[in-house]
Amino acid sequence: MQIDMNAYFPTIGRILLGLIFVASGFNKVMQFEGTQQYMEANGLPATAILLVGAIIFELGGGLMVILGFKARTGSLALVLFLIPTTLVFHTNFAEQTQVIQFMKNLAIMGGLLYVAAHGAGPAAIENDSVSSDVAPS
């Protein structure tokens, strides 16, 4: 039995990429005060506004990627969200855990950039994938 990777893997990849954001956004909703205190401890101003923005980016972008609805836009929004998040919260390279978190975010950004470049794939609400079987003219 042969599996058509092009039929299933983009969808599985999108789901796996998006889940971390949906779970994190949901956690921020459920732990709003604690998350806000954590942000304040890291020196961020206007934490309530920034936290609401983070929730919108994570839940909205994560769902867009998972569902394949405007997946390119959702993935680019999440990359833009991850850049300052990574630089603010994960640059204490004296701590091995923070080095791992930094590298994890870079890897996630790589996956999101792949979705942005190639689209959602075949099993998506809005298939915006780039066809690779069309020869350039």
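Let's start at a bend in the path: Ala46 sits in the loop between helix H2 (32–41) and helix H3 (47–67). Helices here are DSSP runs of H or I with at least four residues, strands are E runs of at least two, and both are numbered from the N terminus. Keep in mind that this is a predicted model, where local features need pLDDT of at least 70, side-chain atom pairs count only at pLDDT 80 or more, and totals for chains, interfaces and linings use all residues. Residues are numbered from 1 along each chain as its sequence is written, and side-chain values use heavy atoms, with hydrogens and water left out.

What makes Ala46 worth a look is its backbone: phi is near 45 degrees, a positive value in a residue other than glycine. Most residues other than glycine have a negative phi. Ala46 counts as partly exposed, at 49% relative accessibility (buried means under 20% relative accessible area, exposed over 50%, and partly exposed in between, with a 1.4 Å probe and protein chains only).

Move along to the loop between H3 and helix H4 (71–89), and you meet Lys70. Lys70 isn't a glycine, yet its phi is positive too, at about 55 degrees. Its relative accessible area is 38%, so Lys70 is partly exposed.

Now step back to the whole chain. It has five helices and zero strands, giving the pattern α-α-α-α-α along the sequence. The C-alpha atoms fill a box of roughly 55 × 35 × 30 Å along the principal axes. Of the 137 residues, 32% count as buried. How much do residues 24 or more positions apart contribute to the contacts with a separation of 6 or more? They account for 63% of them, a contact being heavy atoms within 4.5 Å.

On the outside, the chain exposes about 8500 Å², with carbon and sulfur atoms supplying 68% of that area (Shrake-Rupley method, 1.4 Å probe).

Finally, have a look at the largest pocket, which holds about 550 Å³ of space. It is lined by 25 residues, and the closest to its centre are Lys28, Ala54, Phe81, Thr85 and Phe89. Helix H1 (5–30), H2, H3, H4 and helix H5 (96–118) each give two or more residues to that lining. For the record, a pocket is an open set of points on a 1 Å grid over the protein atoms alone, where a 1.4 Å probe fits, with protein on both sides within 12 Å along at least five of seven lines; lining residues have an atom within 4 Å of a point. The volume is the space filled by probe spheres set on the points, which are joined across faces, edges and corners.
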